[in-house]
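Welcome! Let us look at this structure together and ask how each label is earned.

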Amino acid sequence: MEKTKPLKQFVEKESAEDFKCSICHKIPSWKNYLETNCGHFYCKNDRPQLNSQCSLCKQAISKFVKSEKIVRDIKRLKIFCDHNYFGCNWKESWSDLKSHL
């Protein structure tokens, strides 16, 4: 499974935008996301350092938090198939993509 997906691959872009990495602007998977104490999201690859500033709000990052609700919400995001550009019309929850492929 890919660690991130571009926003254009999501059916409901507004919903996916809520989880967009503050650095690379892609959507991290539920296994690859970090949420800061100020509520902004990052990919693990773009992980800011603790005690650094959030790139969005400039608040000091004192910890990373994990929420089962956020994990569920990211899994439920509707996504187009990775092979959409070849004509595949599948679009379901991101968590179901692996079984589709």
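## Reasoning from values to labels

The side chains of Lys69 and Asp73 meet in a salt bridge, at 2.7 Å from N to O. Keep in mind that this is a predicted model.

Q: Why is the contact between Lys69 and Asp73 called a salt bridge?
A: The label asks for a side-chain nitrogen of Lys or Arg within 4 Å of a carboxyl oxygen of Asp or Glu. Lys69 and Asp73 meet at 2.7 Å, N to O, so the pair fits the rule. By this rule the count comes to four salt bridges.

Q: What separates Lys69 and Asp73 in helix α2?
A: About one helical turn, because the two residues are four apart in helix α2, which covers residues 68-76.

Q: Why is Lys69 called partly exposed?
A: Buried means under 20% relative accessible area and exposed means over 50%, with partly exposed in between. Lys69 has 48%, so it falls in the middle class.

Q: What makes Lys5 and Asp82 a salt bridge?
A: Their closest N and O atoms are 2.8 Å apart, and the limit is 4 Å, so the pair counts.

Q: Which parts does the pair of Asp82 and Lys5 tie together?
A: Asp82 lies in the loop between β6 (78-80) and β7 (91-93), while Lys5 is in strand β1 (residues 4-5), so the parts tied together are 77 residues apart in sequence. Are these two residues buried or exposed? Both Asp82 and Lys5 are buried.

Q: How do you know that Lys20 and Glu17 form a salt bridge?
A: The closest N and O atoms of Lys20 and Glu17 are 2.8 Å apart. The cut-off is 4 Å, so this pair passes as well. Lys20 has a relative accessible area of 25% and Glu17 has 36%, so each is called partly exposed.

Q: Why is Ala16 called buried?
A: Its relative accessible area is 0%, and buried means under 20%, so the label applies. Ala16 is found in helix α1. The C-alpha atoms of Ala16 and Ile79 are separated by 9.3 Å, with their positions 63 residues apart along the chain.

Q: What makes the phi of His25 worth a remark?
A: The phi of His25 is positive, about 65°, although His25 is not a glycine. His25 sits in the loop between α1 (13-17) and β2 (27-28). At 46% relative accessibility, it counts as partly exposed.

Q: What is the phi of Lys58, and where does this residue lie?
A: Phi is near 70° for Lys58, a positive value in a residue other than glycine. Lys58 lies in the loop between β4 and β5 and, at 49% relative accessibility, counts as partly exposed.

Q: Which residues gather in a patch of positive charge on the surface?
A: They are Lys3, Lys44, Arg47 and Lys66. Patch residues need over 30% relative accessible area, and Arg47 has 46%, so Arg47 meets that part of the rule. Arg47 is found in the loop between β4 and β5.

Q: Why do β4 and β5 stand at the edges of the sheet?
A: The open sheet has three strands in the order β4-β3-β5, with antiparallel pairing. β4 (41-43) and β5 (64-65) each have a single partner strand, so one side of each is left without a neighbour in the sheet.

Q: How do you know that β3 and β5 pair?
A: Pairing requires at least two bridges. Strand β3 (residues 33-36) and β5 have two bridges in the antiparallel sense, so they qualify. Thr36 has Phe64 as its bridge partner in β5.

Terms used. Residues are numbered from 1 along each chain as its sequence is written. This is a predicted model: local features need pLDDT of at least 70, side-chain atom pairs count only at pLDDT 80 or more; totals for chains, interfaces and linings use all residues. Side-chain values use heavy atoms; hydrogens and water are left out. Patches are made of residues with over 30% relative accessible area and no salt bridge: like charges are joined within 9 Å, nonpolar side chains (Val, Leu, Ile, Met, Phe, Trp, Tyr) within 5 Å. Accessible areas come from the Shrake-Rupley method with a 1.4 Å probe; for residues, only the protein chains shown count as cover. Lys and Arg count as positive and Asp and Glu as negative; His and the chain ends are not counted. The place of a charge is taken as NZ of Lys, CZ of Arg, CG of Asp or CD of Glu. Buried means under 20% relative accessible area, exposed over 50%, partly exposed in between (1.4 Å probe, protein chains only).
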